[in-house]
Amino acid sequence: MYHHSLRQDVFIKEEYHYLNVPKVGTFTVYDSLDCTFECLGNPSCLSFNLAAYKGADGKLRCELLSSEKYSNPKEYKRNESFHHFSIKTPCMSSPCQNGGTCVANYKYHSFDCRCKDGFYGEFCEEVAKSCQDVYNQLAEKLNVTQLVTLLLDSKLVSVLCHFGNFGCGDGGWTPVMKMDGNKQTFHYETAFWRNKETFHPDGGKTGFDSQETKLPSYWNTSFSKICLGMKINNQTNFIVINKQANSLYSLIADGQYRSTSLGRDKWMSLIGSNASLQLNCKKEGFNAKCTFEWPFQSKNRYSRQRSNRLP
């Protein structure tokens, strides 16, 4: 909003540039000083475009604008027919990082940064490393899914975060892996459990579907809970493992057995009313191997699942 102290501020001229935002007035003037006074006399004027060349009548077109370039960077472009004049603001130093938009407060000569998804902090200088980081910045804790940018393995990665309680409790849940039980991509002996290589990372943007994926969060994201989900037909069931670790990789890659204590009923709840577990095998956990006198073995990384999320 306009404030009387703006009269003491300075308009900065940027030659051959044009800001395409709604106009609050259009005039013909003799010079930039006339256009400046027109803007200062209009409480809604925050900047103006002035024609670079005079018309046949010897005057210049003066366009008073309702906003400024810092709030509308995409509408500010080079133009050989106009010069742009903007009021000196704290946004001139481009304080907002990582593509954040600087919004000037003219009344108090201050500014706020509107950060892109996945970035936060006073200057958008902080990068989220998990969906929980993003969730902690939300003003309203809603049950929603949102595509955000995370810093994983020193790279910016887009993933679909699940916020709120969709079956595993409140929080920001970071996608790690999705597996299709009809395929052998992530069978027990595959190197994917032991290496730090991704598989079809675009699958991390699509939620609970059959697009298999392994994301950098497998070896980068620390957690206190793991959410396991199994989808059979159109029904998806979830269970939560309370386990703290630096990453899922740290629990699985070395092949060492690490026990859990959910119990048979909890594991069977993943499958539903038709669930059954192998007889005589009561061993559960990470890298579980059940050996019988019969001529076969059962091996699972951490029981059967199609997808998992961790905060």
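Start with the whole protein chain, coloured by secondary structure: five helices and 22 strands. Helices (H or I, at least four residues) and strands (E, at least two) are DSSP runs, numbered from the N terminus. This is a predicted model, in which local features need pLDDT of at least 70 and side-chain atom pairs count only at pLDDT 80 or more, while totals for chains, interfaces and linings use all residues. Residues are numbered from 1 along each chain as its sequence is written, and side-chain values use heavy atoms, with hydrogens and water left out.

**The whole chain**

Switch on the surface. The accessible surface comes to about 16700 Å², by the Shrake-Rupley method with a 1.4 Å probe; for residues, only the protein chains shown count as cover. Carbon and sulfur atoms account for 46% of that surface. Of the 311 residues, 44% are buried. Buried means under 20% relative accessible area, exposed means over 50%, and partly exposed lies in between (1.4 Å probe, protein chains only).

Now consider contacts, meaning heavy atoms within 4.5 Å. Take those between residues at least 6 apart in sequence: 59% join residues at least 24 apart.

**Stop 1: Tyr18**

Select Tyr18, in strand E2 (residues 17–19). Tyr18 counts as buried because its relative accessible area is 15%. Show its surroundings. Beyond neighbours within four places in sequence, Tyr18 contacts Lys23, Asn49, Glu63, Glu75, Tyr76, Lys77, Asn79 and Phe82. Then draw a distance to Lys69: C-alpha to C-alpha, Tyr18 and Lys69 are 9.1 Å apart, with their positions 51 residues apart in sequence.

**Stop 2: Glu14 and Lys69**

Keep Lys69 and add Glu14. Their side chains meet in a salt bridge at 2.0 Å, N to O. Glu14 lies in strand E1 (residues 11–14) and Lys69 in the loop between strand E5 (60–65) and strand E6 (76–78), so the pair ties together parts 55 residues apart in sequence. A salt bridge here is a side-chain nitrogen of Lys or Arg within 4 Å of a carboxyl oxygen of Asp or Glu. Side chains of opposite charge can pair when their charged atoms come close. Glu14 is partly exposed at 22% relative accessible area. Lys69 is buried at 13%.

**Stop 3: two further salt bridges**

The structure holds seven salt bridges. Select Lys13 and Glu15 for another of them, with the closest N and O atoms 3.7 Å apart. Lys13 is partly exposed at 43%, and Glu15 is partly exposed at 45%.

Next, go to Lys205 and Asp202. Their side chains form a salt bridge at 3.3 Å, N to O. Lys205 is partly exposed at 37%. Asp202 is partly exposed at 44%.

**Stop 4: a charged patch**

Select Asp112, Glu122, Glu125 and Glu126. These residues gather in a patch of negative charge on the surface. Patches are made of residues with over 30% relative accessible area and no salt bridge; like charges are joined within 9 Å, and nonpolar side chains (Val, Leu, Ile, Met, Phe, Trp, Tyr) within 5 Å. Zoom in on Asp112, in strand E9 (residues 110–114). Asp112 is exposed, with 52% relative accessibility.

**Stop 5: Ile252**

Finish at Ile252, in helix H4 (residues 248–252). Is Ile252 buried or exposed? Ile252 is buried, with a relative accessible area of 0%. Add Asn287 and draw the C-alpha to C-alpha distance: 6.4 Å in space, for residues 35 apart in sequence.

Note on methods
Lys and Arg count as positive and Asp and Glu as negative; His and the chain ends are not counted. The place of a charge is taken as NZ of Lys, CZ of Arg, CG of Asp or CD of Glu.
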